[in-house]
Amino acid sequence: MRVYRRSWNCVAVGFALMLLPFSTTAAFGQASYAAQVRGVVKDQSGAMVAKAAVTITNDGTGISVTAHTDDHGLYILTGLRPAVYTIKVDSPGFRPTEEKNVVLQVDQQTTIDFTLHPLGVITTVEVTTAAPMLDTESASLGTDVTNEYVRDIPLYSRSMFGLVFLAGGVTETTGAGINDNYPTGTNFVSNGQRNATAQITLDGSSLSAPEQGEGGNSNVYYQPSVEIVQEFKVQNNGFSAEFGNNGGTIVNMVLKQGSNAFHGSGWWYGQRSTFDARDYFNTGPTPDHVRDQYGFALGGPLKKNKTFFFADFEKVREQDPNNLEGIVPTDAERGGDFSQDPANLVDPTNPTGTAQAGIYDPCAGNRPGCVQRAQFSDVVNGVTVLNKIPAAEIDPIGQAILNLYPHSNIQGATYPSPNFRKVILSTDPGWQFDIKLDHQISANHKIGGRYSRHHDISTTPTVLGDNDGAIYPTTAQNGGAEYNWAITPRLLWTSRFGVDRVHAPGISNHYPTIGSVGLSPILAANGLDRMITVGVDGGFTSLFTQCCVDTHFAHTLFNYSSALQWVRGGHSVTFGGEQRIFFNNFWQPDNPTGIFNFSRDITTQDPNNADLGSQNQGNPFATILTGYALSASIHLVPAVADKSKETAFYVQDNWKVTPKLTLNLGLRYEWSTPYSERYNRLQFSDFTASTGI
């Protein structure tokens, strides 16, 4: 079945009275990240100068673009990459006027007016440094973060997404903090919108894609190094109709590029455990924390004023401590002896064995006389010991499962304090690189392309299989190409193609197999034979509950767009369209060999009596030894391979009605065609078992 969805989005319908400049404004994007300059040229008397040549030159590349004023003295320069420029105005009978160090930022619209003087008047104005221009043409709000911030602000893990909180209206997701976390790159709240729904673009190509297996969130797998990001802008209010497919926020990034002069940089950032504070619960030596992040970048000309390159490489070596703790069975409990367990000691006021506290035989009516549950007891050297399970009543599979727990290592710990603690080290080595080329074919044609690749392997050894015991290799590739054709000085056509490809499986790290404890091979129905998930209650520690291991995941996102910008009088009208095709391959079985839940309630005197649970009756480890699970289930989960297509068309008119009044109007029409999922198996199946106590 094919499902169609059509929706009208009136995006960026704004009326902006440009009477006041805003220091944190972001403009309507003619070409996603490209900037635009417009203004009027007049003479000393205030009369408009027609047919004046306005030439803007990129100071780094030497590439120039020329426009001419109309009969009203208006000019507009479009499709400008964020950079530092020089603008020069020439007209017959007037002395040339030049403004240097014009700083244009991501997706910026600004106004620069010129006054020309007759040839007989000599006026020289030289500006050696200048701040970025103000946006004066848009009601859109956002914040631009330049490379100085990105590069110099202390940034844990050197993730640039930690800087989005510098933007107005951006706050952290509850409980997540400001560190970049899952869903990576988008887990922040902007202007009250739902978290993890932002759209992230790099040089106009999408970096964000639907979260694997979910689709409701957006996630970023390739992140450029903070050293090579020229700047980025968080746009979270009234942006152009060109932008869609997001929950209300655009993070618009631009990488550095080559210029006529060779330039490069190298970097190293390091962290060592010597400078770390010890975890409060870790009384031993400081864990061996190590992080090294180093690389280089180089850019320059392949042919001056024509072809430019930029390349970088970065490597990361990371080793992080992970503090594990919990309540595990003691050596005595592994053999069935719970007589010394503070959680269920015999009530000293009732030494006869009728005490409410203790471990009780669930027997479930399968032994003579099992009418009312009796407290476990065993005879040792002629002495009756309460709360000790006789060897004949210990289930061999249950005992094998209990022996998978690590041994307790905190002496004298009493319930409910943990009796086990261990610091393990997870490693995450990785590398990435970018290659970028820009070529000016002619004065009216230019092309550019970028290829980026990242690879890392996060590994955590298995101890409890809770927050440990997983291997996550990730390979992310992202690339884009752009073509700009200035058909006439007032007609610009921009086309882009981008691709985002990710392969990120999850692998359980040396889990025991179901056969190693004697469980049935029927539990391997999902094609895996890893150990079952062992769930226990009462504050005791479960086993092998680590999320998202043994996951197959890969996606490919193609996106392409084309836009035609037409300038006529005070109107700057953009007609455009885009399409995204998303292929998602995903398989994530929850507890793929089943989950078996063992409750302390089963080894209480009167199951399902909540009062007894508070009187130190029962123990889930004892329940495991009896072999009676409270519940057990396994889901047969098929792999999913689906495809979706999203198409949109839009029109945007930025109309400068008067020098101080700009009208921004936009309309976007968007629809999607999600295709039915294709499964490896024909249907979902569930198997559920319960003790029925």
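**Close-up views of cavities and of Gln 257 in a predicted model**

**Figure 1. The second largest cavity in the predicted model.** Lining this cavity are 23 residues, and those nearest its centre are Ser 32, Gly 204, Glu 242, Ser 561 and Glu 578. The volume of the second largest cavity is about 230 Å³. Five strands each give at least two residues to its lining: S15 (199-202), S16 (205-206), S30 (491-503), S33 (552-568) and S34 (571-587). Strand S33 supplies the largest share, with five residues. Sorted by class, the lining of the second largest cavity holds 14 polar, five nonpolar and four charged residues.

**Figure 2. The largest cavity.** Searching the whole structure gives seven cavities of 30 Å³ or more. The largest cavity encloses about 500 Å³ of space. Its lining is made of 31 residues, with Tyr 33, Arg 81, Gln 257, Asp 438 and Lys 446 the closest to the centre. Elements that contribute two or more residues to this lining are strands S4 (53-58), S6 (74-80), S27 (430-440), S28 (445-460) and S29 (470-488). The lining of the largest cavity counts 13 nonpolar residues, 11 polar ones and seven charged ones.

**Figure 3. Gln 257, one of the residues closest to the centre of the largest cavity.** Gln 257 sits in the loop that runs between strand S20 (250-255) and strand S21 (263-272). Is Gln 257 buried or exposed? Its relative accessible area is 15%, and buried means under 20%, so Gln 257 is buried.

**Figure 4. The surroundings of Gln 257.** Leaving aside residues up to four places away in sequence, Gln 257 touches Asn 58, Thr 61, Arg 81, His 263, Phe 310, Lys 436 and Asp 438. The side chains of Gln 257 and Asp 438 are joined by a polar contact of 3.1 Å. Arg 81 and Asp 438, which Gln 257 touches, are also among the residues closest to the centre of the largest cavity.

**Figure 5. Confidence along the protein chain.** The chain has a mean pLDDT of 83, and 83% of its residues reach 70 or more. Confidence is highest in strand S27, at a mean of 97, and lowest in strand S2 (residues 14-17), at a mean of 32. The pLDDT is below 50 over residues 344-355, a stretch with 23 contacts in the model beyond near neighbours in sequence. Residues 677-693 also have a pLDDT below 50, and this stretch has 41 contacts in the model beyond near neighbours in sequence. Strand S27, where confidence is highest, is one of the strands that give two or more residues to the lining of the largest cavity.

Note on methods
Residues numbered from 1 in each chain as written. Predicted model: local features only at pLDDT ≥ 70, side-chain atom pairs only at ≥ 80, totals over all residues. Heavy atoms only, no water. Helix = DSSP H or I, 4+ residues; strand = E, 2+ residues; numbered from the N terminus. Buried < 20%, exposed > 50% of the residue type's maximum accessible area, 1.4 Å probe, protein only. Polar contact = N/O pair within 3.5 Å; in protein donor to acceptor, adjacent residues only side chain to side chain. Contact = heavy atoms within 4.5 Å. 1 Å grid on protein atoms, 1.4 Å probe; cavity = no way out; pocket = protein on both sides within 12 Å on 5 of 7 lines; lining within 4 Å. Points joined across faces, edges and corners; volume = space filled by probe spheres on them. Nonpolar A, V, L, I, M, F, W, Y, C, P; charged D, E, K, R; others polar. pLDDT = per-residue confidence, 0-100.
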